[in-house]
Amino acid sequence: SSSSSGLENRIFQYIDLHQNEFIQTLKEWVAVESDSIQPQLRQEVTRMVELTADRLRALGATAELVKLGSHKLTDGHSLLLPPLILAELGKDPQKPTVCFYGHVDVQPAKKEDGWKTDPYKLTEIDGNLYGRGATDNKGPVLAWINAVESFRALKLDMPVNLKFIIEGMEEAGSLGLEEVIKKENQRFFSDVDYIVISDNLWLNNRKPALTYGTRGNLCFSVEVQGGQRDLHSGTFGGIIHEPMTDLIALLDSLVDTSGRILIPGVYDDVDSLTEEEKKLYEAITFDPEEHKNNSGVKKFLYDTKEEILMHLWRYPSLSIHGIEGAFHEPGIKTVIPARVIGKFSIRQVPHMNVSVGERQVIQYLEDVFSKRNSSNELKVSVPISAMPWVADINDPLYTAAGRAIKTVFGQDPEKIRDGATIPIAQMFQNITRKSVMMLPIGAADDGEHSQKEKISRHNYIQGTKLFAALFLEIAKLHGQLQEASNTKTTN
Ligand SMILES: NCCCC(=O)N[C@@H](Cc1c[nH]cn1)C(=O)O
Ligand SMILES: [Zn+2]
Ligand SMILES: [Zn+2]
């Protein structure tokens with residue numbers, strides 16, 4: 001049913017009445033500088049993980065803090081990783097078990113980066129709650145917790161068993177997580193029926209979405225080394241092969257002005273486009289103008305909605321991210337850097353093979369470099385390699401979420417893919433073989449990772465209702481599934 005039941009209405013009313021308390025908790029969470037990128041803030045990440053575990057325990061859950069060991073920093077030092085939370089609430093064999101994944105670490109944020117408000121002080125302006133982590137991912141994690149809290153406050157039986165897997169290193173590449181999923185596959189995940197991730201955004205500012213796919217990513221570091229030290233360009237400029245010049249030539253050889261990747265073979269395994277798939281893009285509500293406004297750029301490479309969506313979701317793209325070792329301060333420094341490292345990545349799509357891609361790129365870079373007859377040394381490495389993820393939208397989990405969305409937002413969800421990479425989705429699906437779904441609550445203009453990250457009060461509160469409605473829909477679905485399988489066995 002698309003209209004809410006008496007039970008849902010009671011829960012929704014509770015959520016509406018307690019919204020300021022939910023926002024207060026989000027304020028307390030945003031105040032913790034749980035930046036997982038900067039080593040000096042690692043203790044804050046650990047504190048945030050512990051705070052989250054306490055909150056889960058207050059709901060009646062058991063929350064285990066799994067030690068993940070330490071990792072090596074680029075300067076050679078070792079740093080302890082924050083623990084991972086594995087929590088459980090309810091173990092009724094008659095109920096389905098839903099596992100929620102989220103993260104409580106955040107991207108770095110400094111007021112000087114151009115924030116209009118203090119990034120660690122949640123500030124409400126015109127119905128938007130600005131602050132680092134508001135949408136990525138503290139708001140959505142709290143929305144799950146708020147939903148459970150609402151059932152408890154109303155003394156309602158939870159319709160599903162819940163498990164939570166919450167980490168503190170997502171923004172730094174989910175270090176140590178894959179090993180835990182593998183290790184816990186036969187234990188923690190054994191009775192899980194559904195896995196839900198709420199760590200992405202809607203496709204536009206108003207229409208809710210369900211996400212069934214993400215692109216993967218192959219990240220490359222291209223190092224060009226000349227001599228042992230930087231040189232004066234007045235003394236050596238004109239008589240040596242400069243590492244930066246080699247690197248710029250390499251980077252410039254990767255993609256043409258229309259965005260097409262120039263590495264031979266890259267498009268060979270990309271799924272061919274069927275008429276049926278084409279229709280999916282035509283049916284989606286997506287306003288290229290709104291997307292352009294969210295981005296702040298003047299023009300996209302493509303004009304139509306369909307072309308834009310396909311180039312974000314089902315075609316690979318190559319982006320150049322930066323150059324380590326380059327002089328980047330204001331003013332002029334007439335230096336020739338001795339060693340520079342270019343960073344670029346290729347978003348992977350079905351059915352590209354990451355190992356094949358790796359070889360194609362390395363071979364191509366070596367070929368381009370050898371034609372330059374440079375005396376410098378080239379080294380290519382692949383620090384991150386993540387496969388794309390696509391799920392079956394006909395899975396019952398998607399039906400349940402679609403119904404919950406209709407109840408809360410009064411409209412059917414847009415079924416979308418995401419051009420970014422959530423490696424955990426593919427990992428969960430591949431290792432556990434469970435149904436995996438991404439259910440975002442943030443709008444397209446939430447500005448994850450940017451200087452104006454926010455979640456709207458509306459989305460945070462309706463998102464809380466959405467998760468409560470999802471628990472009920474999954475329980476209903478499970479009842480139906482169980483009835484169907486009982487009918488099968490008795491026939
Ligand atoms: N909307 C969710 C975005 C999550 C995100 O930003 N993921 C990163 C992960 C990544 C991929 N390669 C290196 N890190 C992303 O850039 O897609
Ligand atoms: Zn995130
Ligand atoms: Zn993020």
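**Notebook: ligand shell, domains and two annotated sites**

I began with the surroundings of ligand 1, and by class its shell splits into 6 nonpolar, 3 polar and 3 charged residues. Note to self: this is a predicted model.

**Entry 1, around the ligand.** I listed who surrounds ligand 1: Asp-199, Asn-200, Leu-201, Asn-217, Cys-219, Ile-384, Ala-386, Asp-418, Ala-420, Thr-421, Ile-422 and Glu-448. Which elements give two or more residues to that shell? I found strand 11 (216-225) and strand 16 (377-386).

**Entry 2, domains.** I looked up the division of the protein and got domain 1 (6-214 + 389-490) and domain 2 (216-270 + 315-386). Their centres, taken over C-alpha atoms, are 36 Å apart. For the contact between them, I noted 6 residues of domain 1 against 6 residues of domain 2. The domain 1 side of that contact has 2 nonpolar and 4 polar residues, and no charged ones. Back to the ligand: where does it sit relative to the two domains? Both domain 1 and domain 2 give residues to the shell around ligand 1, so the ligand lies between them.

**Entry 3, strand 10.** I then followed strand 10, residues 209-214, and found it mostly covered, with 6 of its 6 residues buried. I checked its partners next. With strand 18 (residues 414-418), strand 10 pairs in the parallel sense over 5 bridges. Thr-214 has Asp-418 as its bridge partner there, and I had already met Asp-418 in the ligand shell. With strand 17 (residues 389-390), the pairing of strand 10 is antiparallel and runs over 2 bridges. In that pairing, Gly-213 stands opposite Val-390.

**Entry 4, first annotated site.** The UniProt record, an unreviewed entry, has a "binding site" feature at His-103, Asp-136 and Asp-199. Why do I say these three gather at one spot? They span 97 residues in sequence, yet no two of their C-alpha atoms are more than 8.2 Å apart, so they come together in one place.

I took the residues in turn. His-103 belongs to strand 5 (residues 97-103). Is His-103 buried or exposed? I count it as buried, because it has 30 C-beta neighbours inside 10 Å and 20 are enough for that label. Leaving aside neighbours within four places in sequence, His-103 is in contact with Asn-137, Ile-166, Glu-167, Gly-168, Glu-170 and Asp-199.

Asp-199 is in the loop between strand 9 (194-197) and strand 10. With 24 C-beta neighbours inside 10 Å, Asp-199 also counts as buried. Its contacts, again leaving aside neighbours within four places in sequence, are Gly-102, His-103, Asn-137, Pro-140 and Ile-422. Asp-199 and Ile-422 both turn up in the ligand shell too.

**Entry 5, second annotated site.** The unreviewed UniProt entry also puts a "binding site" feature at Asp-136, Glu-171 and His-449. These are spread over 314 residues of sequence but cluster in space, with a largest C-alpha distance of 9.7 Å. Asp-136 is in the first annotated site and in this one, and I looked it up in detail.

Asp-136 is in the loop between strand 7 and helix 4. It has 25 C-beta neighbours inside 10 Å and counts as buried. Beyond four places in sequence, Asp-136 touches Glu-448, His-449 and Glu-453. Of these, I recognised Glu-448 from the ligand shell.

His-449 is in the loop between strand 19 (435-438) and strand 20 (454-456). I have His-449 down as partly exposed, with 13 C-beta neighbours inside 10 Å. Setting aside neighbours within four places in sequence, its contacts are Gln-107 and Asp-136.

**Entry 6, backbone oddities.** I went through these last. What kind of peptide bond joins Asp-136 and Asn-137? It is cis, with omega about 10 degrees, and Asn-137 is in the loop between strand 7 (128-130) and helix 4 (138-153). I found another cis bond joining Pro-350 and His-351, with omega about -5 degrees. His-351 is in the loop between strand 15 (339-348) and helix 11 (354-370).

For phi, His-449 is near 70 degrees, a positive value in a residue other than glycine. Asn-373 is not a glycine either, and its phi is positive at about 50 degrees. Asn-373 is in the loop between helix 11 and strand 16, and it is exposed, with 7 other C-beta atoms within 10 Å.

How values were computed
Residues numbered from 1 in each chain as written. Chains lettered and ligands numbered in written order. Predicted model: local features only at pLDDT ≥ 70, side-chain atom pairs only at ≥ 80, totals over all residues. Domains from an automatic or database assignment. Contact = placed C-beta atoms within 7 Å. Nonpolar A, V, L, I, M, F, W, Y, C, P; charged D, E, K, R; others polar. Near = placed C-beta within 6 Å. Helix = DSSP H or I, 4+ residues; strand = E, 2+ residues; numbered from the N terminus. Buried ≥ 20, exposed ≤ 12 C-beta atoms within 10 Å, placed from the backbone. Pairing = 2+ DSSP bridges. UniProt positions renumbered as here; feature names shortened; annotations may be inferred.
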